[in-house]
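Got your viewer open and your selection tool ready? Let's walk through a few spots together, one selection at a time.

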Amino acid sequence: MSDQQWMLRALQLARQGLYSTEPNPRVGCVLVRDAQVVGEGWHVRAGEGHAEVNALAQAGELARGATAYVTLEPCSHFGKTPPCADALIRAGVSRVVVGMQDPNPQVAGQGLARLQAAGIAVTSGVQEADARALNPGFIKRMQQGLPWVRLKLAMSLDGRTAMASGESQWITGPAARADVQRWRTRSGAVISGADSVLLDDSALTVRQEQLGLPAAEAALAAERQPLRVLIDGRLRVPLQQRLFQLAGPTLVATLSDQRQSDYQAVGSELLALPNADASQVDLHRLLTVLAQRGCNEVLVESGARLAAAFWQAGLVDELLVYMAPRLLGSSARPLLELPFTQMSEARDVHIEELRAVGNDWLIRARPAAT
C-alpha cells in the first residue's frame, strides 16, 4: 500500500473522535512495519493518550523500525500529556508521515524538526486536504483565535422558517432533527437567541437517543455536552425557562452583568459583551471568548434576525440548510432577515454538499468570497 492509502486509514481512525476530542483535534495514527499494521490508535478524549501513544502501546516492540502515519504533526510540547514526538523517538520508529503540520503558527514544524534531529525520516502533506477537513475549528482557532461557525437553518420549499406567529415545530422530519443532533455533538458550543428560546423553549442539549449512531459511539458522543450559549441583550428569557433548569451551565451573552448573582444562583453565567454603542451584543467578541474557552466548532441555531446578524458580520463559515418538501406561504417568516433591495446586494454561496436526510434535504454551503 502507498503512503496515501495508509494515511486514509489513519484518517478513518481519527474520525472516531469526531464527537469526543474537543478542545483537542481529531487525530489518528497507524504504525506499519514490513507492509503490515503493527499498531493503531486515535485520540479519544481530551486529557487522555494521543493517537501516537495509543498506537505505540498496541505495537510494543514492533514499533521499532516502523513507519508512523499520523494525520496531524506530532506535538512537541508538554500539555496534559508528554510530547508525542518524543514518544515516537523513544519507540525507535524509522519514518514519520504526517497529513498536515500543527496549525499553531508558534509551534508549527517543531515536532517534525525534533523528529528529523533524531535521525527519523519525515514526510509531510500526505492527504492534507482530508486532514484539514477533519479539524476546521481547531485550525481556525489556532490561526485566527476564532471558532469555526456553522449556521443551521430549517426551511420550507418556499424558503420560509416559521409561521408569522413564530410557530416552527416541526418544519423538518425526525431524520433531519437527528442529523442536527450530530452537528451539535461535534460542537464546543451551541448558540441561540432570546426569541428562539422563548418561542420553542429550546434546550440546546445533545440527546443520546436521537443521535442515530451505534450504541457505543452514541454513548461516547453523549459524554460531553456542548456549552449552551444564549444571546439575550436585555435579559428577556426568564430564569424559570427550561434552558436554565438543565444540568450544566448556560452562558448568557448580554449588555450588562448587573444581575450576575441571579444567574449564578441557577448555575449559569452572565457575560457583558456590548458593541460600540451598547445597542447589541458584540458577536465577534463572543466568538473570541468561546475560542479562548476551547471551543473549536460552534453551531448557531437561531431565528432569522440573529442568523442574519452573524451572516452580515462575516462570521459564518458554513451554512447547514435543511429543506422540507412543504410550503408555508408568503406571510411566513424568511430564512434570513437581510433587507436587500438591489440585485447587487445579493450574496453567493458555494454548495459543498447536497444530500437527502429522510424526507428532507440538507444543503451544506460556504459563503463565496466577496
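Start by selecting Cys84, which sits in helix H3 of this predicted model. Cys84 is buried, because its relative accessibility is 0% and the cut-off for buried is under 20%. Show what surrounds this side chain: beyond the residues up to four places away in sequence, Cys84 touches His50, Glu52, Val53, Pro74 and Cys75.

Next, click on Cys75, in the loop between strand E3 (67-72) and helix H3 (84-91). Cys75 is buried too, at 10% relative accessibility. Leaving out residues up to four places away in sequence, its contacts are His50, Glu52, Pro82, Pro83, Cys84 and Ala85.

Now add His50 to the selection. An unreviewed UniProt entry annotates His50, Cys75 and Cys84 as "binding site". The three span 35 residues in sequence, but no two of their C-alpha atoms are more than 9.3 Å apart, so they gather at one spot.

The same kind of annotation takes you to the next stop. In the unreviewed UniProt entry, "binding site" also covers Ser168, Arg184, Leu204, Arg207 and Glu301. Zoom in on Glu301, in strand E12 (residues 297-301). Glu301 is buried, with 9% relative accessibility. Which side chain does Glu301 join through a polar contact of 2.6 Å? Draw a distance to Arg184 and you have the partner. Setting aside neighbours within four places in sequence, Glu301 is in contact with Lys152, Val180, Arg184, Val190, Ile191 and Ser192.

Move on to strand E16 (residues 360-367) and pick Asp360. What is the nearest side chain of opposite charge to this buried residue? That is Arg326, 6.6 Å away, and Asp360 has no salt bridge. Look instead at the backbone nitrogen of Gly173, which lies 2.8 Å from a polar atom of the Asp360 side chain. Neighbours within four places in sequence aside, the contacts of Asp360 include Thr172, Ala176, Met323 and Arg355.

Stay in strand E16 for the last selection, Arg364. Arg364 is buried, with a relative accessible area of 19%. Its side chain makes a polar contact of 2.8 Å with that of Glu353. Not counting residues up to four places away in sequence, Arg364 touches several others, among them Trp183, Glu318, His350 and Glu352. Finally, measure across to Arg150: Arg364 and Arg150 are 214 residues apart in sequence, and their C-alpha atoms are 9.6 Å apart in space.

Methods: Residues numbered from 1 in each chain as written. Predicted model: local features only at pLDDT ≥ 70, side-chain atom pairs only at ≥ 80, totals over all residues. Heavy atoms only, no water. Helix = DSSP H or I, 4+ residues; strand = E, 2+ residues; numbered from the N terminus. Buried < 20%, exposed > 50% of the residue type's maximum accessible area, 1.4 Å probe, protein only. Lys, Arg positive; Asp, Glu negative; His and termini not counted. Salt bridge = Lys/Arg side-chain N within 4 Å of Asp/Glu carboxyl O. Polar contact = N/O pair within 3.5 Å; in protein donor to acceptor, adjacent residues only side chain to side chain. Contact = heavy atoms within 4.5 Å. UniProt positions renumbered as here; feature names shortened; annotations may be inferred.
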